[in-house]
Amino acid sequence: MDIEKMRKWLEITNEYRESNFWSSVLKQKHPDEFFREAVCNPKFDIYQNENYYFIIFEIPGVNQEDLSINLITNTHLKINGRIKPVLPFEMEMKRERIYGDFERVIELPEPTYVHLMQTQIYNGLLHISYPRKSVLNNSQ
């Protein structure tokens, strides 16, 4: 976006506001931050077979010690962690990858319990699996 167009837009919007709306917004966040990429929100897929659900999260660059997986209810899973850069920011010439903290809460297809969940990190993917309800009911 052209900076002059943005400045004009701010002037126009301020004419229609009695309060100093934009000053309060800009106190909270520097203008450059509005144009940075969105916060990391790991993408995921859910699969199933006759016995299990499989949830695969993309978490490239996340080490196991920088990752937390919590079952916040028996139907809601939360993962959060931190993606650290491989090299120092001072060496950066161009950046497309996103670094920093992330958090994602997803709804599970069926309820489960922590002791039934299996997790593994492999090639930048977090693999989570747990048995389907029908399998648990048949084994009792």
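Strands S4 and S5 pair in the antiparallel sense over eight bridges, in a model that is predicted. This pairing belongs to an open sheet of three strands, ordered S3-S4-S5 and antiparallel, and the points below take up that sheet, the nonpolar core and the surroundings of Asn49.

**The sheet**
- The edge positions are held by strand S3 (67–73) and by S5, each of which pairs on one side only.
- Direction ignored, neighbouring strands of this sheet are turned against each other by 15 degrees on average.
- Within the sheet, Gly81 stands opposite Phe102, a residue of S5.

**The largest nonpolar core**
- This core counts 17 residues, of which Ile55, Phe57, Ile59, Leu77, Phe102, Leu126 and Ile128 touch the most other members.
- Two or more residues each are given to the core by S2, strand S4 (76–83), strand S5 (100–107) and strand S7 (125–131).
- Leu77, when residues up to four places away in sequence are not counted, touches ten-listed partners including Phe57, Ile69, Val105, Ile106, Met117 and Ile128.

**Asn49 and its surroundings**
- Asn49 lies in the loop that runs between strand S1 (44–48) and strand S2 (52–58), and its side chain reaches the backbone nitrogen of Asn51 at 2.8 Å.
- With a relative accessible area of 35%, Asn49 is classed as partly exposed, because this value falls between the 20% limit for buried and the 50% limit for exposed residues.
- Leaving aside neighbours within four places in sequence, Asn49 is in contact with Phe54 and Arg132, while its C-alpha atom is separated by 9.6 Å from that of Pro131, which is 82 residues apart from Asn49 along the chain.

Key:
Residues are numbered from 1 along each chain as its sequence is written. This is a predicted model: local features need pLDDT of at least 70, side-chain atom pairs count only at pLDDT 80 or more; totals for chains, interfaces and linings use all residues. Side-chain values use heavy atoms; hydrogens and water are left out. Helices (H or I, at least four residues) and strands (E, at least two) are DSSP runs, numbered from the N terminus. Buried means under 20% relative accessible area, exposed over 50%, partly exposed in between (1.4 Å probe, protein chains only). Contact means heavy atoms within 4.5 Å. A polar contact is a pair of N or O atoms within 3.5 Å; within protein, one must be able to donate a hydrogen and the other to accept it, and residues adjacent in sequence count only if both atoms are side-chain atoms. A nonpolar core is a set of buried Ala, Val, Leu, Ile, Met, Phe, Trp, Tyr and Cys residues joined through side-chain atoms within 4.5 Å. Two strands pair if DSSP finds at least two bridges between them. Axes are lines fitted to C-alpha atoms, for helices over the stretch in contact, and angles run from 0 to 180 degrees between N-to-C directions.
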